[in-house]
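Reader: I am new to this structure and would like a close look at one part of it. Please take a single charged pair and then place it among the others.

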Amino acid sequence: MREIDERVWRMVTRDGFAREFWAELRRRRAVKQTTSRREVFDYLNGLFMSEFGEPRFPSYDTFRHSREVAPHVGA
């Protein structure tokens, strides 16, 4: 049986996804400052979808809204 990456497991919760989002954004912007938040969201949501067969969030706007109503995590 194939194991699911620990990082993907952390993205199961809204808070976990947000933490991974901010960490990935920091990593990518350390290399390329013009990396957009949307690029990072698409990448992480794609990882989640490849493991579970459906996206964690149906859209970037849904993710943004979840960040606005949840306690701020990260940057």
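Author: Arg64 counts as partly exposed, because its relative accessibility is 34%, and the range for that class runs from 20% to 50%. The model in which this value was computed is a predicted one. The partner of Arg64 is Asp61: the two form a salt bridge, with their closest N and O atoms 3.2 Å apart. Asp61 has a relative accessible area of 51% and is therefore exposed, since that class begins over 50%. Both residues belong to helix H4, which covers residues 60-69. They are 3 residues apart there, so about one helical turn separates them.

A pair within one helix is also found in helix H3, residues 37-52. There Arg38 and Asp42 form a salt bridge, and 3.3 Å lies between the closest N and O atoms. The two are 4 residues apart in the helix, which is about one turn. Arg38 is partly exposed, as its relative accessibility is 44%. Asp42 is partly exposed too, with a value of 41%.

The salt bridge between Glu20 and Arg7 joins two helices. Their side chains meet at 3.0 Å, N to O. Glu20 sits in helix H2 (residues 14-31) and Arg7 in helix H1, so this pair ties together parts that lie 13 residues apart in sequence. Glu20 and Arg7 are both buried, which means that each has under 20% relative accessible area.

Glu20 and Arg7 also belong to a network of salt bridges. Its other members are Glu6, Arg10, Glu24, Arg27 and Arg28. Over the whole structure, a search finds 9 salt bridges; the pair Asp61 and Arg64 is one of the salt bridges in this model.

Helix H1, residues 6-10, also holds a residue of another kind, Trp9. Trp9 has a relative accessible area of 47% and is therefore partly exposed. Together with Val12 and Phe52, Trp9 forms a nonpolar patch on the surface. The accessible area of these three residues together is about 270 Å². A residue can enter such a patch because it has over 30% relative accessible area and no salt bridge. Arg64 has 34% relative accessibility, but it takes part in a salt bridge with Asp61.

Definitions and conventions:
Residues numbered from 1 in each chain as written. Predicted model: local features only at pLDDT ≥ 70, side-chain atom pairs only at ≥ 80, totals over all residues. Heavy atoms only, no water. Patch = residues over 30% accessible without salt bridge, like charges linked within 9 Å, V, L, I, M, F, W, Y side chains within 5 Å. Areas by Shrake-Rupley, 256 points an atom, 1.4 Å probe, with all protein chains shown as cover. Salt bridge = Lys/Arg side-chain N within 4 Å of Asp/Glu carboxyl O. Buried < 20%, exposed > 50% of the residue type's maximum accessible area, 1.4 Å probe, protein only.
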